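Subject: The structure, and what turned up in it

Hi,

Here is the structure for you to open. Have a look first, and then read on for what was found in it.

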Amino acid sequence: MARARIPIFLMGLLLWYCLTASVKAEYLKYKDPKQPLPVRIQDLLNRMTLEEKIGQMVQIDRSVASAEVMKKYFIGSLLSGGGSVPAPQASAKTWIDMVNDFQKGSLSTRLGIPMIYGIDAVHGHNTVYKATIFPHNIGLGATRDPELVKKIGAATALEVRATGIPYVFAPCIAVCRDLRWGRCYESYSEDPQIVQAMTEIIPGLQGDIPATSPMGVPFVAGKKNVAACAKHYVGDGGTTNGINENNTVIDRNGLLSIHMRGYYTSIIKGVSTVMVSYSSWNGIKMHTNRDLITGFLKNTLRFRGFVISDWEGLDRITSPPHANYSYSIQAAVQAGIDMVMVPYKYNEFIDGLTFQVKNNIIPMSRINDAVTRILRVKFVMGLFENPLADDSLVDQLGSQEHRELAREAVRRSLVLLKNGQSPDHPLLPLPKKTSKILVAGSHADNLGYQCGGWTIEWQGLSGNNLTIGTTILTAIKNTVDSSTNVVYKENPDTEFVKSNDFSYAIVVVGEHPYAETDGDSMNLTIPDPGPSTITNVCGAAKCVVIIISGRPVVIQPYIDSIDALVAAWLPGTEGQGVADVLFGEYGFTGKLPHTWFRTVDQLPMNVGDPHYDPLFPFGFGLTTEPTKSYEETTPKAV
C-alpha cells in the first residue's frame, strides 16, 4: 500500500507545481514592463472584479485615508486638497513616508495595483513648506515666454517628486474673459493664443513627448517627472459676470476657438489627465456633458488619458448640492468621467456606482473604459515598476537653482504701466544710493500677500511665517547702497511723508489672498488702507506704486498722483526679483496679459471687443534698460 501512495503524492505535488507556475506566469504578464502597453492593461483588466474596478475610479483625501482603507476599498487615488498636509511645516521625508504608507496598503491588495497621489501644484509645489513659490499664471502670461514656463514646469516636477508625489492638478489652461472671476490669476491670459503657447509647461512637468508617441496617449518621461492635468474642461474662464462655477454662454464656435484651444495642444503634448469644470456651458453642467467629454475630448480629440472630476464635482451637479446623488453618479459617469474626486464620502459613491452597474443602469463597458484609462496612465508613469518613493530628490525642494529661476520669472513678469509724469523724465530705474527712502504699504513686508491664494493653505495666508521667502521690503534693503536709509512705515500719513524729506517712496499695495469663489469681486477695488496709502504718500513725495494682485484692479482714480506704476501680479516667494528690476539691474520687459480697465462698468472687456476703451490695452508694457553701473560690475561671459 505504501508503494501505491508515493506516485499519487508525487502526482499531486506535480499538479500543484504546474498550477502555481501557470498562475505565476500569468500574474507577471501585467507586471512585465517588456509587454506592450495594451497587453498589460487588458491582462490586468481581465483579472479585476467589479469591486476592484470601481475602487480604481475613486480618489479620496489623505485625511480620511489609511493603508487599511486603501486595501479594503481598492482605492485608486489619493489627493491632498488645499492645505491638506501630514503635519504643519512637514519635511520632504515626512511627505514621502506618508505617501509610501498609503501605497503599501494598495500594494498589499490581491492584484497589487499602485495608487496615484495627486496635489495642486499650481505655482510651484505650493502646499509644501520651504517649496519654491513661482509667480501665479497671470504673471507668467506677462513674460510671453513658453520656454521659461517649461523650465518652471520641470522645476515644479522635481520639487513635487521630492515629496514622493507623482501627479499634479496643473496647468490651469482657463482663458479668463472677465476679471471679476476669482480664479483669473490662474489664467495665463485673456488671449487663447497665449494660453495655448503656455501649455509648454506640460512637457516641463511630464518630459518631452517622443515624436513616435501615438496621438492622445499620455506620456511621463520618468521618476523626475509628474503626470499633469489640464483644467478645467471647458469654458471655466467665460462665465457670466465672472461668477465662479457659473454658466458660460457662448456658441460652439466661440467655445472651440477661445476656450478649447489649450486642450488641443495639451493633448498633442501628451497630457495625462483632464479635469472637468464645475461650470456649465449654455446651461448644461460640464460634469454631465457627454457631448463634450466623450464625444469631443475622447472621440474627436482622441484623448487617451483619464478624465477626473473636480473636488466634490458630482455633488455640485444638482442645486442644492448632493440633492440627488444617484442621478449625479449616473450623469457624470455616463458623460465620461473616469475618476471621481470624492474626498470624504467615498462609501456613498462606491455603493451607488456598484448598484447602478449591477442593475444595468451604467454598462460595464463604461466602467472598463474608465479603468483602462486610469491603468494606462499608471503604466505609462512607471508606477508598477516604481510604486514607492525614495528620498533621492529631497534636496530639490526649495533649491537655490529653483529660487533663481523663480526670481527670473518675477523679473520677467513685471509690467511697467507708467514711468514719470512725462516720457522725458522717467523715475525708474531708481538710484540705489541716496539719502533716505520710504517703503510703505500693506504688501511691502508680507510674504503671504505676495504669494496669494493656493499657498500653504487653499485661500492663502497673511504674514511672513507661512514659508521661506524674501519680501519686497527685504529685497529693497538687500539692493540699495549701504549708506541709503530705508524707512518702512506701513500706512503713513501725509505729514509724516512731508516732514521726512524722502528722496522717493515705494508703495506696495494690492489684493488680499483668495482662491476660487472667495475671490469673485464685483468692484475690483484695492482693499483699505491701500488707496489712502497711495494718496498720502504720492501726494507728498515722488512715488513708485507696486500693485500686488491677481488681476487688474481699480487704479484710475490715483493714476495722476502716481509717478511710476508697476503691476507685479502675485510674484511668490522670490521678492528679490522685484528689486532687481526696480533698481535697474535688469530692465522691465513684461506685457499685459489682460486688458486693464478704466472702470468695472466696462467689464467684461477683452481685446478686439467693439467697446474696447481700456486704461492700458492688452499687450501694453513700457520698457527700461539696465543701468550701466550694473553692467560694468557684472562679470562678462568669456
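Gly118 sits in strand E3 (residues 116-119), where strands (E, at least two residues) and helices (H or I, at least four) are DSSP runs numbered from the N terminus. Gly118 is buried, with a relative accessible area of 0%; buried means under 20% relative accessible area, exposed over 50%, and partly exposed in between, using a 1.4 Å probe and protein chains only. Not counting residues up to four places away in sequence, Gly118 touches Leu78, Leu79, Ser80, Tyr167 and Phe169, a contact being heavy atoms within 4.5 Å. Its C-alpha atom is 6.7 Å from that of Ile165, although the two residues are 47 apart along the chain.

Before going further, a word on how to read all this: the model is predicted, so local features need pLDDT of at least 70 and side-chain atom pairs count only at pLDDT 80 or more, while totals for chains, interfaces and linings use all residues. Residues are numbered from 1 along each chain as its sequence is written, and side-chain values use heavy atoms, with hydrogens and water left out.

Val160 is another residue to look at. It belongs to helix H7 (residues 146-162) and is buried, at a relative accessible area of 0%. Leaving aside neighbours within four places in sequence, Val160 contacts Ile119, Ala121, His125, Ile165, Val168 and Val226. The C-alpha atoms of Val160 and Leu205 are 9.8 Å apart, with their positions 45 residues apart along the chain.

Now the salt bridges. A search of the whole structure finds 27 of them, each being a side-chain nitrogen of Lys or Arg within 4 Å of a carboxyl oxygen of Asp or Glu. Three are described here.

- Asp178 and Arg180 meet through their side chains at 2.8 Å, N to O. Asp178 is buried at 3% relative accessible area, and Arg180 is buried at 9%.
- Asp338 and Lys298 also form a salt bridge, at 2.8 Å from N to O. This pair links distant parts of the chain, 40 residues apart: Asp338 is in the loop between helix H13 (325-335) and strand E11 (340-341), and Lys298 is in helix H12. Both Asp338 and Lys298 are buried.
- Lys432 pairs with Glu585, their closest N and O atoms being 2.7 Å apart. Lys432 lies in the loop between strand E12 (415-419) and strand E13 (436-440), and Glu585 in the loop between helix H21 (576-582) and helix H22 (628-633), so the salt bridge ties together parts that are 153 residues apart in sequence. Lys432 is partly exposed at 27%, whereas Glu585 is buried at 15%.

Salt bridges with shared partners also join Lys298, Asp338, Arg366, Asp369 and Arg373 into one network.

Next, how do helices H13 and H14 meet? The axes of H13 and H14 (residues 346-358) come within 10 Å and cross at roughly 70°; axes are lines fitted to C-alpha atoms, for helices over the stretch in contact, and angles run from 0 to 180 degrees between N-to-C directions. That makes H13 roughly perpendicular to H14, since angles under 35 degrees count as roughly parallel, over 145 as roughly antiparallel, 65 to 115 as roughly perpendicular and the rest as oblique. In H13, Tyr325, Ser326, Ile329, Gln330 and Val333 meet Glu348, Phe349, Gly352, Leu353 and Gln356 in H14.

Helix H10 (residues 252-259) and helix H12 (residues 290-300) pack at an angle of about 60°, with their axes 14 Å apart, and are therefore oblique to each other. Arg252, Leu255 and Leu256 of H10 make the contact with Asp291, Leu292 and Phe296 of H12.

Last, some backbone details. Most residues other than glycine have a negative phi, and most peptide bonds are trans. The peptide bond from Lys231 to His232 is cis, with omega near -5°, and His232 is in strand E5 (residues 229-233). The bond from Leu428 to Pro429 is cis too, with omega near 0°; Pro429 is in the loop between E12 and E13. Gln89, a residue other than glycine, has a positive phi near 55°, and is partly exposed at 49% relative accessible area. Glu245 has a positive phi of about 65° and counts as partly exposed at 21%.

Best wishes
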